[in-house]
Amino acid sequence: MNAHRVNIVGLLQLIASEEEQERYQEEVPFVSVPNEMCCQWFDDFYHPDFNEFVAEFTEEELRSFSEFNDLYEKHVDSLPETLDDLKRHSGWVEVSALANEIVQLYGWKNLTLEYDPE
């Protein structure tokens, strides 16, 4: 699987799963998982203006990502920095629910992700 696809699908899986977020926090207790998810989406992985990114997804997937981005962007500035507080934040509940809808829609819920060998 292409790196863009692995990164986006993996991040959406993480955002959609409270259990995965907790596991991530246990593995890296010195970072803020809420901040990591924000940075990964907005800075590292979601690049709808790059041809290489767009080429890896269907038009329907790209529309879903755009809708997700708009919702995430609406709430990002108000999101707390701790995972415990994040779980109770109404905006995050919406963001996480939409991520879950997307991973369900495309059959990504339990998809094992692997990068294509180069």
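So, where does Asp85 stand: buried, exposed or partly exposed? Asp85 counts as partly exposed, at 36% relative accessibility. Before I go on, a quick reminder that we're looking at a predicted model.

Let's stay with Asp85 for a moment. Its side chain meets that of Arg88 in a salt bridge, 2.8 Å from N to O. Both residues sit in helix 6, 3 residues apart, and that's about one turn of the helix. Arg88 is the exposed partner here, because its relative accessible area is 61%.

Helix 6 has another pair like that. Asp84 forms a salt bridge with Lys87, and there the closest N and O atoms are 3.8 Å apart. Again, both partners lie in helix 6, 3 residues apart, about one turn of the helix. Asp84 comes out as partly exposed at 47% relative accessibility, and Lys87 is partly exposed too, at 24%. This pair also has company: Glu22, Asp84 and Lys87 are linked in a network of salt bridges.

How many salt bridges are there altogether? The count comes to 5. One of them is a bit of a traveller, and that's Arg5 with Glu61, where the closest N and O atoms are 2.8 Å apart. This pair links distant parts of the chain, with Arg5 in helix 1 and Glu61 in helix 5, 56 residues apart. So what about burial for these two? Arg5 counts as buried, at 16% relative accessibility, and Glu61 counts as buried as well, at 6%.

Okay, on to helix 7. It covers residues 90–105, so that's 16 residues, and at 1.5 Å a residue they should span 22 Å. The C-alpha atoms at its ends are 23 Å apart, which agrees. Now, which residues of helix 7 are buried? They are Gly91, Trp92, Val95, Ser96, Leu98, Ala99, Ile102 and Val103. If you look down the axis of helix 7, those buried residues fall within an arc of 160°, so they line one face of the helix. Swing round to the other side, and you'll find Ser90, Glu101 and Leu105 exposed.

And what covers that buried face? The cover for the buried residues of helix 7 includes helix 1 (3–16), helix 2 (18–27), helix 3 (33–45), helix 5 and helix 6 (83–88). If you follow the chain just past the end of helix 7, you reach Gly107, which takes a positive phi of about 70°.

Next, the aromatics. A search of the whole structure turns up 11 aromatic pairs. Take Phe57 and Phe65 as an example: their ring centres are 4.9 Å apart and their planes are at 85°, so this pair is edge-to-face. Phe57 and Phe65 are both buried. They also belong to one aromatic cluster, made up of Trp41, Phe42, Tyr46, Phe53, Phe57, Phe65, Phe68, Tyr72, Trp92, Tyr106 and Trp108. You've already met one of those names, Trp92, among the buried residues of helix 7.

A residue I'd like you to find next is Asn69, in helix 5, which runs over residues 59–75. Asn69 counts as buried, at 11% relative accessibility. What does Asn69 touch, leaving aside its neighbours within four places in sequence? It is in contact with Trp41, Phe42 and Tyr46, and those three are members of the aromatic cluster I just listed.

Last topic: the cysteines. How many disulfides does a search of the whole structure find? The answer is 0. Cys38 is in no disulfide, and the nearest cysteine sulfur to it, that of Cys39, is 6.8 Å away. Why is there no bond between Cys39 and Cys38? Their sulfurs are 6.8 Å apart, too far for a bond; a disulfide would need the two sulfur atoms within 2.5 Å. Cys38 is buried, with a relative accessible area of 12%, whereas Cys39 is partly exposed at 35%.

To pull a few things together before you go back to the structure: helix 7 turns one face of buried residues inward under its neighbours' cover, with helix 1 and helix 5 among those covering it. Helix 1 and helix 5 are also joined to each other through the salt bridge of Arg5 and Glu61. That's it from me.

Terms used:
Residues numbered from 1 in each chain as written. Predicted model: local features only at pLDDT ≥ 70, side-chain atom pairs only at ≥ 80, totals over all residues. Heavy atoms only, no water. Buried < 20%, exposed > 50% of the residue type's maximum accessible area, 1.4 Å probe, protein only. Helix = DSSP H or I, 4+ residues; strand = E, 2+ residues; numbered from the N terminus. Contact = heavy atoms within 4.5 Å. Expected span 1.5 Å × (residues − 1). Arc of directions from axis to C-beta. Phe/Tyr/Trp six-rings, centres within 6.5 Å; stacked < 30°, edge-to-face > 60°. Salt bridge = Lys/Arg side-chain N within 4 Å of Asp/Glu carboxyl O.
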